[in-house]
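Biologist: I would like to go through this chain with you, fold before details. Please keep the answers short.

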Amino acid sequence: MYEKDLEVLPIFGGLAALLDVDELTALPGADFHYSKLLHAQQEIVLTGPVPASAEATVEGKVVAVADKGRSGMISMDSTISVAGALLATSRSTCFVQGEGGFGLTLVEPATKFPSSPQPAPVAVTQFAPYVQIR
């Protein structure tokens, strides 16, 4: 099947960063199963158009680990490059269910991401709460 003028979605920057998620299991004491991961936050900064086909290099590192009581929180920064040129930077944050209580918080200085523009909404819709009477 042929589709003309295909383009890569910007979310690719976040998906490619997941290739480096094995970095999480390199943490001392990180013996959790991936099914315990709960994606919490994603920031992606693209530096240019995403090519439809390319050989990319993904490098990532864990930049924060925090005890949240019943769960732990891990943040990773990743860079995605094509032919040595930076294509995207990404920060992923996830919770690890049932892996809290270790009493430690390690945080590296945060990468400065540019603030997002805050345009006025195009449309606002208000939904009435669903009520069922029996």
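Biologist: What pattern does the chain follow, read along the sequence?
Modeller: This is a predicted model. The chain holds one helix and five strands. Read along the sequence, the pattern is α-β-β-β-β-β.

Biologist: In what order do the five strands sit in the sheet?
Modeller: The sheet is open, and its pairing is antiparallel. S1 (37-46) and S5 (105-107) stand at the edges with a single partner strand each, so one side of each lacks a neighbour in the sheet. Direction ignored, neighbouring strands are turned by 25 degrees against each other on average. The order is S1-S4-S3-S2-S5.

Biologist: How many bridges join S1 to S4?
Modeller: S4 covers residues 85-97, and the two strands run antiparallel. One pair to look at is glutamine 42 with its bridge partner in S4, serine 92. The number of bridges is nine.

Biologist: Over how many bridges do S2 and S5 pair?
Modeller: S2 spans residues 56-67, and its pairing with S5 is antiparallel. Valine 65 stands opposite leucine 106 in S5. The count for S2 and S5 is three bridges.

Biologist: Which residue in the turn between S3 and S4 has a positive phi?
Modeller: S3 and S4 pair in the antiparallel sense over 12 bridges. Within that pairing, isoleucine 80 faces alanine 88 in S4. The two strands form a hairpin with two residues between them. The residue with a positive phi, about 55 degrees, is alanine 83.

Biologist: Is serine 71 buried or exposed?
Modeller: Serine 71 lies in strand S3, which runs over residues 71-82. Beyond its neighbours within four places in sequence, serine 71 is in contact with Ala66, Phe95, Val96, Gln97, Gly98, Glu99 and Gly100. The cut-off for burial is under 20% relative accessible area. At 16% relative accessibility, serine 71 therefore counts as buried.

Biologist: How far apart in space are valine 62 and threonine 93?
Modeller: Valine 62 is found in strand S2. Valine 62 is buried, with a relative accessible area of 18%. In sequence, valine 62 and threonine 93 are 31 residues apart. In space, C-alpha to C-alpha, the distance is 9.7 Å.

Biologist: Among contacts between residues at least 6 apart in sequence, what share joins residues at least 24 apart?
Modeller: A contact here means heavy atoms within 4.5 Å. Pairs under 6 apart in sequence are left out of this share. The share that joins residues at least 24 apart is 68%.

Biologist: Which residues make the nonpolar surface patch of about 270 Å²?
Modeller: Start with leucine 104, in the loop between S4 and S5. Leucine 104 has 42% relative accessibility, so it counts as partly exposed. A patch residue needs over 30% relative accessible area. The patch is made by Phe102, Leu104 and Leu106.

Biologist: What part of the accessible surface of the chain belongs to carbon and sulfur atoms?
Modeller: Take the whole chain now. Of its 134 residues, 26% count as buried. The accessible surface comes to about 10100 Å². The part that belongs to carbon and sulfur atoms is 58%.

Definitions and conventions: Residues numbered from 1 in each chain as written. Predicted model: local features only at pLDDT ≥ 70, side-chain atom pairs only at ≥ 80, totals over all residues. Heavy atoms only, no water. Helix = DSSP H or I, 4+ residues; strand = E, 2+ residues; numbered from the N terminus. Buried < 20%, exposed > 50% of the residue type's maximum accessible area, 1.4 Å probe, protein only. Areas by Shrake-Rupley, 256 points an atom, 1.4 Å probe, with all protein chains shown as cover. Pairing = 2+ DSSP bridges. Axes fitted to C-alpha atoms, helices over the stretch in contact; angles between N-to-C directions. Patch = residues over 30% accessible without salt bridge, like charges linked within 9 Å, V, L, I, M, F, W, Y side chains within 5 Å. Salt bridge = Lys/Arg side-chain N within 4 Å of Asp/Glu carboxyl O.
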